[in-house]
Amino acid sequence: MKYFKQLLYIFFFSLLGEIVSIILPFSVPGSVAGMILLFIALHTRLLKIEKVEEVGDWLVNNMAIFFVPAGIGLMTNFDIIGETWWQLLIIIVISATLMMWFVGFITQFMMDHSSNKKEVKP
């Protein structure tokens, strides 16, 4: 019964995310909105981690299961991918480069402006 309650909390935030995505005037996937709402609830301690921890750990440990449908979708559309592979390769290279730059920039910014930064005296 404990796992069922934990799963209900996760589904509840997923439902809230879907509702928020319908209400918002701009496009946000419901799953992303639900994850953000769950994060906010956990961070503000409206929801205690113990109420979702075990099911959340199980979902993270078995995340590969959720990639199977996407892999099957790629295999069923292999003929389309075969025709446009070079366009996909360009998009992948550009987006990966931009993402690495962005993450590095944000990490460097956070390291430079962290409150735990120690002054080095000459």
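**Figure 1. The whole chain, helix by helix.** Helices here are DSSP runs of at least four residues, H or I, and strands are E runs of at least two, numbered from the N terminus. With that in hand, welcome to a predicted model whose secondary structure comes to six helices and zero strands. Along the sequence the pattern reads α-α-α-α-α-α. The radius of gyration is 20 Å, well over the 14 Å that the globule rule gives for 122 residues, so the protein is more spread out than a compact globule. Its C-alpha trace spans about 60 × 55 × 35 Å along the principal axes. Of the 122 residues, 11% are buried.

**Figure 2. Phe12 and Phe13 meet edge-to-face.** The model holds two aromatic pairs, and this view takes in the pair formed by Phe12 and Phe13. Their ring centres lie 5.6 Å apart and their planes stand at 80 degrees; since an angle over 60 degrees counts as edge-to-face, that is the class of this pair. The two partners are worth a look for their surroundings too. Phe13 has a relative accessible area of 11%, under the 20% cut-off, and is therefore buried. Phe12, at 44% relative accessibility, counts as partly exposed.

**Figure 3. Trp101 and Phe105 form a stacked pair.** Here the ring centres are 5.4 Å apart, with 15 degrees between the planes. Both residues belong to helix α6, which runs over residues 85-112. Because they are four residues apart in that helix, about one helical turn separates them. Trp101 is exposed, with a relative accessible area of 57%. Phe105 has 45% relative accessibility, which lies between the 20% and 50% limits, so this residue counts as partly exposed.

**Figure 4. A nonpolar patch on the surface includes Trp101 and Phe105.** Keep the stacked pair of Trp101 and Phe105 in mind as you look at this patch. Joining these two residues in the patch are Met99, Phe102, Val103, Ile106, Phe109 and Met110. Together the patch residues offer about 850 Å² of accessible area. Met110 also sits in helix α6. With a relative accessible area of 53%, over the 50% cut-off, Met110 is exposed.

**Figure 5. Lys2 places its charge over Tyr3.** This last view shows a lysine and a tyrosine. The charged end of Lys2 sits over the ring of Tyr3, at 5.5 Å from the ring centre.

Key: Residues are numbered from 1 along each chain as its sequence is written. This is a predicted model: local features need pLDDT of at least 70, side-chain atom pairs count only at pLDDT 80 or more; totals for chains, interfaces and linings use all residues. Side-chain values use heavy atoms; hydrogens and water are left out. Rings of Phe, Tyr and Trp (its six-membered ring) pair if their centres lie within 6.5 Å; planes under 30 degrees apart count as stacked, over 60 as edge-to-face and the rest as tilted. Buried means under 20% relative accessible area, exposed over 50%, partly exposed in between (1.4 Å probe, protein chains only). A charge sits over a ring if NZ of Lys or CZ of Arg is within 6 Å of the ring centre and within 35 degrees of the ring normal. Patches are made of residues with over 30% relative accessible area and no salt bridge: like charges are joined within 9 Å, nonpolar side chains (Val, Leu, Ile, Met, Phe, Trp, Tyr) within 5 Å. Accessible areas come from the Shrake-Rupley method with a 1.4 Å probe; for residues, only the protein chains shown count as cover. A salt bridge is a side-chain nitrogen of Lys or Arg within 4 Å of a carboxyl oxygen of Asp or Glu. The radius of gyration is taken over C-alpha atoms; the globule rule is 2.2 Å times the number of residues to the power 0.38.
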